[in-house]
Amino acid sequence: MQNDEIIWQVINHHHCSFKAKTTTQNFCRNEYNVTGLCNRSSCPLANSRYATIKEEDGRCYLYLKTVERAHTPKNMWQKIKLKRNYAQALEQLDQHLQYWPKFLVHKNKQRLTKITQYLIRMRKLALKPTPKLVPIAAR
């Protein structure tokens, strides 16, 4: 059985390979971390029930981690494709995270908003013509 509090104590007080310490804060480099900060509520390793949003090839995916999948690390994260429409993706988030902690729901909505905005910016930049750079011959 997995005990989240014991895992967090080991990670926090001894060693975590994802932790990046600065003078003011501790950051987390884990790809599934929803905030980027190293704390108890946003650590994907120390929470047996966790959700995050990731972007792959211009599409957003909701990743869900549940206790029932803890015995198989390969299948630990359930991958759910979100709709391209932002409003429909928010509805999907509400549907899938209906009984989850409000902290995770809120942070995942913020992450979806951020990822959607940078995907829009990437599409706009791809459409804009870029000036061709011509090298000057060396003497």
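This is a short tour of a predicted model, going from a hairpin to a helix and then to a pocket.

**Stop 1: the hairpin.** Select residues 50-56, which form strand 3. Of these 7 residues, 5 are buried, so the strand is largely enclosed by the rest of the structure. Buried here means under 20% relative accessible area. Now add residues 59-65, strand 4. The two strands run antiparallel and pair over 7 bridges. To find one partner across the pair, pick A51 and look to L64 in strand 4. Then move to the turn. There are 2 residues between the strands of this hairpin. D57 takes a positive phi there, near 55°.

**Stop 2: helix 3.** Select 102-127. Helix 3 has 26 residues. From first C-alpha to last, helix 3 reaches 38 Å, close to the 38 Å expected at 1.5 Å a residue. Show side chains for L104, V105, N108, R111, L112, I115, T116 and L119, which are buried. What covers them? Strand 3, strand 4 and helix 2 are included in the cover.

**Stop 3: the largest pocket.** Select K83, R84, T116, L119 and R123. Of the 13 lining residues, these lie nearest the pocket centre. T116 and L119 also belong to the buried set of helix 3. The pocket volume is about 170 Å³. Which element gives the largest share of the lining? Helix 3 does, with 5 residues. Now bring back strand 4 and add helix 2 (86-96): these two and helix 3 each supply at least two lining residues. Finally, colour the lining by residue class: 6 are nonpolar, 3 polar and 4 charged.

Methods: Residues numbered from 1 in each chain as written. Predicted model: local features only at pLDDT ≥ 70, side-chain atom pairs only at ≥ 80, totals over all residues. Heavy atoms only, no water. Buried < 20%, exposed > 50% of the residue type's maximum accessible area, 1.4 Å probe, protein only. Helix = DSSP H or I, 4+ residues; strand = E, 2+ residues; numbered from the N terminus. Pairing = 2+ DSSP bridges. 1 Å grid on protein atoms, 1.4 Å probe; cavity = no way out; pocket = protein on both sides within 12 Å on 5 of 7 lines; lining within 4 Å. Points joined across faces, edges and corners; volume = space filled by probe spheres on them. Nonpolar A, V, L, I, M, F, W, Y, C, P; charged D, E, K, R; others polar. Expected span 1.5 Å × (residues − 1). Contact = heavy atoms within 4.5 Å.
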